[in-house]
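Biologist: Hi! I'm new to this one, could you walk me through it?
Modeller: Happy to, let's bring it up on the screen.

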Amino acid sequence: MKKRTLLMIPGPIEFEPAVLSAMGEPTTSHVAPGFIDAFGQALEQLHRVFGSPSGQPLVLAGSGTLAMDCAGANLVEPGDKALVINTGYFSERFAAILERYGAQVTLVNAPPGDRPGLEQIKSALESDSYKLMTITHVDTSTGVLVDVQQVAALGKQYGVLVIVDGVCSVAGEELPMDAWGVDLALTASQKAIGVPPGLALLMIGPHAMQKFHDRTTPVLNYYADWTNWLPIMQAYEARKPGYFGTPPVNLIVALNVSLGQILAEGMARRIARHITISRACKAGMTALGLGQVPLKPEFAAHTLTAPRYPQGVNGADFLAGVLKAGVTLAGGLHPAIRPEYFRIGHMGAANLSDILVTISAIETALAGCGYKFSPNVGTDAARTVGKSSN
Ligand code: PMP
């Protein structure tokens, strides 16, 4: 029997069989009519998944970091001021990218597990004149969820471009871009979008596009320059061939399949499912006596859970025990608290059974580490919460 484990990290995730088999179809020319149609459909479907009829979708070969780099390269001109709402490791990565393109970056900070308050963000916006603001919707290093709707509304009041890193949120958390006044949102294929790693996805709203057209200096990144890619995306959406760099044909065919599945489930139902399994997972951890990195339940993400190790449990031993029990989990990532917690991803195709199998493996590993708890208390709590929310 094939040796495999259940992959419950915050990306890459378990992928749907139809998506994987689409990846394995024979590769065609990037200008073959069938591929042009699949790419065109994928671009159309992206408008619906991002909640952005008014945006311009952009699909590039690369990871989420390329999507961030692409946003920074095209929207920053040297000397621009940028505000970064800092909820962890990935927010700080965005700050570093913006600085690389010459931005003067101000961070609005919060301790790990916390998030900057609206008053704090407001006074930062008042203190200077910013061109743009970045929000990490879910910082995967802490599991902290930002209230994008409220923060974006504040940003709009002060006339800044609102850019959302949705790598750990798009198609898993609610993010109707146009309705919430988000000017650019970006993600990557390997998380709630449900496609193996390799695609950077952006949705560029009209204000962001205008700022790009208003540039007076060249984009300092050749590959990511929208000047090269916009005609290509527009061509495919109009079902015409185009070429700037060879697109990752198989990944894009798989993307079209996955987006079709996402929209067939329906965005509202999909988000509700993520909330249900997240509640079940978090209830299981609480019943086992484990705390979590997000300081308050209302700002814990629904795409992952970040439990703290109980006293006396060693992270490396615990994760090895979970793996032995058949589930792959991720360790901590935020440098300030890395050894203190682990991460469970539950997005995309994940369901309540996956959560129960995962918690059962966690119980086995905790028991192996000498931690005491009532048998099955975590799985029982998760089952109860998961079923009652259905
Ligand atoms: N932003 C967030 C919120 C992420 O979770 C990640 C990946 N974990 C990234 C950016 C970077 O994406 P990638 O690893 O695909 O480059």
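Biologist: How do the residues of the shell around the ligand divide into nonpolar, polar and charged?
Modeller: There are four nonpolar, six polar and two charged residues in that shell. One thing to keep in mind as we go is that this is a predicted model.

Biologist: Which residues are around the ligand?
Modeller: Going along the chain, they are Ser63, Gly64, Thr65, Met68, Phe90, Thr136, Val138, Thr140, Asp165, Val167, Gln190 and Lys191.

Biologist: Which helix gives the largest share of that shell?
Modeller: That's helix α3, residues 64-75, which contributes three residues.

Biologist: And which polar side-chain atoms lie by an oxygen atom of the ligand?
Modeller: Ser63 has one at 2.5 Å from a ligand oxygen, and Thr140 has one at 2.3 Å from a ligand oxygen. Asp165 pairs with a nitrogen atom of the ligand instead, with a polar side-chain atom 2.6 Å away.

Biologist: How much of the ligand's accessible area does the protein cover?
Modeller: The ligand has 390 Å² of accessible area on its own, and the protein covers 87% of that.

Biologist: Let's change topic. What can you tell me about helix α13?
Modeller: Helix α13 runs over residues 352-368, so to speak a stretch of 17 residues. From its first C-alpha to its last, the helix reaches 24 Å, close to the 24 Å expected at 1.5 Å a residue.

Biologist: Which of its residues are buried?
Modeller: In α13 the buried ones are Leu352, Asp354, Ile355, Leu356, Thr358, Ile359, Ala361, Ile362, Glu363, Ala365 and Leu366.

Biologist: What covers them?
Modeller: The cover includes two strands you'll meet at 6-7 and 342-345, β1 and β14, along with β12 at 327-328. Helices α11 (267-287), α12 (315-324) and α14 (377-388) are also among the elements that cover the buried residues of α13.

Biologist: What happens at the start of α13?
Modeller: A side-chain oxygen of Asn351 comes to within 3.1 Å of the backbone nitrogen of Ser353 there.

Biologist: And just after the helix?
Modeller: Gly370 sits there with a positive phi of about 90°. Further on, the loop between α13 and α14 holds Asn376.

Biologist: Is Asn376 buried or exposed?
Modeller: Asn376 counts as partly exposed, because its relative accessibility is 44% and that class lies between 20% and 50%. Asn376 is also twelve residues from Thr364 in sequence, with 9.5 Å between their C-alpha atoms.

Biologist: Now the histidines. Where does His47 lie?
Modeller: His47 is part of helix α2, residues 33-49. With 12% relative accessibility, His47 counts as buried.

Biologist: What does the side chain of His47 make a polar contact with?
Modeller: Its partner is the side chain of Glu237, at 3.0 Å. Not counting residues up to four places away in sequence, His47 touches Ser52, Pro53, Gly55, Pro57, Met203 and Glu237.

Biologist: And His274, where is that one found?
Modeller: His274 belongs to helix α11. His274 is buried, with a relative accessible area of 0%.

Biologist: What is His274 in contact with?
Modeller: If we leave aside neighbours within four places in sequence, the contacts of His274 are Ala171, Gly172, His302, Thr303, His346, Met347 and Gly348.

Biologist: Ala171 again! What is its phi?
Modeller: Phi of Ala171 is near 80°, which is positive in a residue other than glycine. Ala171 is in the loop between β8 (161-165) and α7 (177-180), and Ala171 is buried at 1% relative accessible area.

Biologist: What about Arg239?
Modeller: Arg239 has a positive phi too, near 60°. You'll find Arg239 in the loop between α9 (226-237) and α10 (249-265), partly exposed with a relative accessible area of 30%.

Biologist: Where is there a cis peptide bond?
Modeller: Between Gly11 and Pro12, where omega is about -5°. Pro12 is in the loop between β1 and α1 (17-23).

Biologist: Last one: where does Met133 lie, and what is it in contact with?
Modeller: Met133 is in strand β5, residues 132-136, and is buried with a relative accessible area of 0%. Leaving aside neighbours within four places in sequence, Met133 has contacts including Leu83, Ile85, Leu125 and Val151.

Technical notes:
Residues are numbered from 1 along each chain as its sequence is written. This is a predicted model: local features need pLDDT of at least 70, side-chain atom pairs count only at pLDDT 80 or more; totals for chains, interfaces and linings use all residues. Side-chain values use heavy atoms; hydrogens and water are left out. A residue is near a molecule or strand if one of its heavy atoms lies within 4 Å of it. A polar contact is a pair of N or O atoms within 3.5 Å; within protein, one must be able to donate a hydrogen and the other to accept it, and residues adjacent in sequence count only if both atoms are side-chain atoms. Accessible areas come from the Shrake-Rupley method with a 1.4 Å probe; for residues, only the protein chains shown count as cover. Helices (H or I, at least four residues) and strands (E, at least two) are DSSP runs, numbered from the N terminus. Ala, Val, Leu, Ile, Met, Phe, Trp, Tyr, Cys and Pro count as nonpolar, Asp, Glu, Lys and Arg as charged, and the others, Gly among them, as polar. The expected span of a helix is 1.5 Å times one less than its number of residues. Buried means under 20% relative accessible area, exposed over 50%, partly exposed in between (1.4 Å probe, protein chains only). Contact means heavy atoms within 4.5 Å.
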